[in-house]
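Please open the model in your viewer, with the cartoon shown and side chains ready to be switched on. The tour below proceeds by selections, each followed by what is found there.

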Amino acid sequence: MNKIVEFLNEAEVYYLATVEDDEARIRPIGATIEYDGKVYFATNNQKNMFQQMINNPSIAISGVSGDKWIRIVGKAVFDHNYDIKKTMIETYPILSKYYSPDDGLFEVFYVDEIEATVYNFEGKVIEHYA
């Protein structure tokens, strides 16, 4: 999982897609950590993204780093562990301007049933993690 987090950190901005009713929704995100062997992301429970993942946890994430791109698919699982929230904010101090681990807004989630594939721009698989 560390290689997935490294790739996303190199990309800096990557995109998370959710499903709302029968339509895809996508937005940029930018905070990722590995914790206990899982890939974690953060959001605010007042955002549409949060509600979309509650209603349908199927997600996809994609980003570009150099001459490679990654596709990650799986299920979003929210984790209310204070230490993970604290670690996320310590790793991304900008988040502390908006959130604290116990503010009732800040949420972290990991990707369960994760499958990640790194491709080159010719469409050739370079790496695959499951």
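Select first the hairpin of β7 and β8, where 4 residues lie between the strands and G123 takes a positive phi near 90°; strands here, like helices, are DSSP runs numbered from the N terminus, with at least two residues of type E for a strand and at least four of type H or I for a helix. The model is a predicted one, in which local features need pLDDT of at least 70 and side-chain atom pairs count only at pLDDT 80 or more, while totals for chains, interfaces and linings use all residues. Residues are numbered from 1 along each chain as its sequence is written, and side-chain values use heavy atoms, with hydrogens and water left out.

Widen the selection to residues 106–120 for β7 and residues 125–129 for β8, and you have two antiparallel strands joined by 4 bridges, where pairing requires that DSSP find at least two bridges between the strands. Within this pair, T117 stands opposite H128 in β8.

Stay on β7 and pick N120, which belongs to that strand. N120 has a relative accessible area of 16% and is therefore buried, a class that covers values under 20%, with exposed meaning over 50% and partly exposed lying in between (1.4 Å probe, protein chains only). The side chain of N120 reaches the backbone nitrogen of E122 at 2.9 Å. If neighbours within four places in sequence are left aside, N120 is in contact with D67, W69 and I126, contact being defined as heavy atoms within 4.5 Å.

Move next to the hairpin of β1 and β2, which has 2 residues between its strands. The two strands run antiparallel and are joined by 7 bridges, and the bridge partner of Y15 in β2 is P28. Then select D21, which is found in the loop between β1 (14–20) and β2. D21 has a positive phi of about 55° although it is not a glycine, and at 75% relative accessibility D21 counts as exposed.

For another residue with a positive phi, select D36 in the loop between β3 and β4. Phi of D36 is near 50°, and this residue, too, is other than glycine; with a relative accessible area of 70%, D36 is exposed.

From D36, step back to strand β3 and select T32, which lies in that strand, residues 32–35. Is T32 buried or exposed? Its relative accessible area is 1%, so T32 is buried. A polar contact of 2.4 Å joins the side chains of T32 and Y14, the term standing for a pair of N or O atoms within 3.5 Å in which, within protein, one atom must be able to donate a hydrogen and the other to accept it, residues adjacent in sequence counting only if both atoms are side-chain atoms. Beyond four places in sequence, the residues in contact with T32 include V5, L8, N9, V39, F41 and Y92.

Follow the last of these to Y92, found in the loop between α3 (82–91) and β7, and at 16% relative accessibility counted as buried. With neighbours within four places in sequence set aside, Y92 is in contact with N9, G30, A31, T32 and I33.

Return to β3 for E34, which also lies in that strand and, at 31% relative accessibility, counts as partly exposed. A polar atom of the side chain of E34 lies 3.1 Å from the backbone nitrogen of N2.

Finish at the largest pocket, which has a volume of about 320 Å³. On a 1 Å grid over the protein atoms alone, a pocket is an open set of points where a 1.4 Å probe fits, with protein on both sides within 12 Å along at least five of seven lines, and lining residues have an atom within 4 Å of a point; the volume is the space filled by probe spheres set on the points, which are joined across faces, edges and corners. The lining comprises 17 residues, and G30, A42, T43, K47 and L95 lie nearest the centre of the pocket. The elements giving two or more residues to this lining are β2 (23–29) and β4 (38–44), with the largest share, 4 residues, coming from β4. Coloured by class, the lining divides into 12 nonpolar, 3 polar and 2 charged residues, where Ala, Val, Leu, Ile, Met, Phe, Trp, Tyr, Cys and Pro count as nonpolar, Asp, Glu, Lys and Arg as charged, and the others, Gly among them, as polar.
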